[in-house]
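Work through the exercises below with the predicted model at hand, and try each task before reading its solution. The theme is the pairing of charged side chains.

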Amino acid sequence: MQHDSHFVESLSARFGASLGRWISMEEIETKPEQPRTNVGDLTELRKSIESKGVLEPLLVKPIAEGRFRIIAGERRFRAAMEAGLTEVPCIELDVPENEVVEIALIENLHRRDLHPFEEAEGYASLQARHGYTQQQIADAVGKGRVSITESMSLLAIPEALRDECRRADIHARSVLLQIARLEDPEKMRDAIEAVASGSTRDD
């Protein structure tokens, strides 16, 4: 079973040994609250699962006799359902209920397909909702503190301009950092328009 080793080891250190095993889909429940409220298009993930299986185990919490709730991995679970699987690989952790959302958020931050704004907003949520320092965030996600500081600096771009960046398909972190450092919203807007027009595009 594959999973980010740093993430699983840190959870095991906090909550005790984890147990990896296959669990029937019928025994798994989705969680009522999760960081990603929209799981998005599952087509590519479903096709990958049909071809290669579920490569990243779900993180689950035992909630009753023979029942489990997803801590992290709802997209994998839903795609596996669409693919017709009857069981999925899971890592079982006995996590306190009040920490489930926090752990789901940290697991989400290990995703490789996050937009830089999603990453920055996730770090800000760990800081605001769960009291993390930037160093604690760095330790939790296995990155350097400077990387976390730079990522969170993207939030200097006003939300409306972040939306403009998304619409313009500006996703290179280096470009977004340059925009954030301009500080003035009008200068930021001009820079976004310049990148969108292709004059300074950095992929």
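**Exercise 1.** Decide whether Glu92 is buried or exposed, and then work out what its salt bridge with Arg21 connects.

*Solution.* Begin with accessibility: Glu92 has a relative accessible area of 18%, and because buried means under 20%, Glu92 counts as buried. Its partner Arg21, at 30%, is partly exposed. Next, look at the contact itself, where the side chains of Arg21 and Glu92 form a salt bridge with an N to O distance of 3.2 Å. Arg21 belongs to strand β1 (residues 19-24) and Glu92 to strand β5 (residues 87-92), so the pair ties together parts that lie 71 residues apart in sequence.

**Exercise 2.** Find how the salt-bridge partners Glu74 and Arg78 are placed in helix α3.

*Solution.* First, the closest N and O atoms of Glu74 and Arg78 are 2.6 Å apart in this salt bridge. Second, the two residues are four apart in helix α3 (residues 74-82), which means that about one helical turn separates them. Finally, Glu74 is buried with a relative accessible area of 6%, whereas Arg78 is partly exposed at 33%.

**Exercise 3.** Determine which helices are tied together by Glu164 and Arg189.

*Solution.* The side chains of Glu164 and Arg189 meet in a salt bridge, at 3.4 Å from N to O. Since Glu164 lies in helix α8 (residues 159-167) and Arg189 in helix α10 (residues 185-197), the pair ties together parts 25 residues apart in sequence. Glu164 is partly exposed at 22% relative accessibility, and Arg189 is partly exposed at 25%. As a further step, note that salt bridges with shared partners join Glu121, Arg162, Asp163 and Arg166 into one network.

Key. Residues numbered from 1 in each chain as written. Predicted model: local features only at pLDDT ≥ 70, side-chain atom pairs only at ≥ 80, totals over all residues. Heavy atoms only, no water. Salt bridge = Lys/Arg side-chain N within 4 Å of Asp/Glu carboxyl O. Buried < 20%, exposed > 50% of the residue type's maximum accessible area, 1.4 Å probe, protein only.
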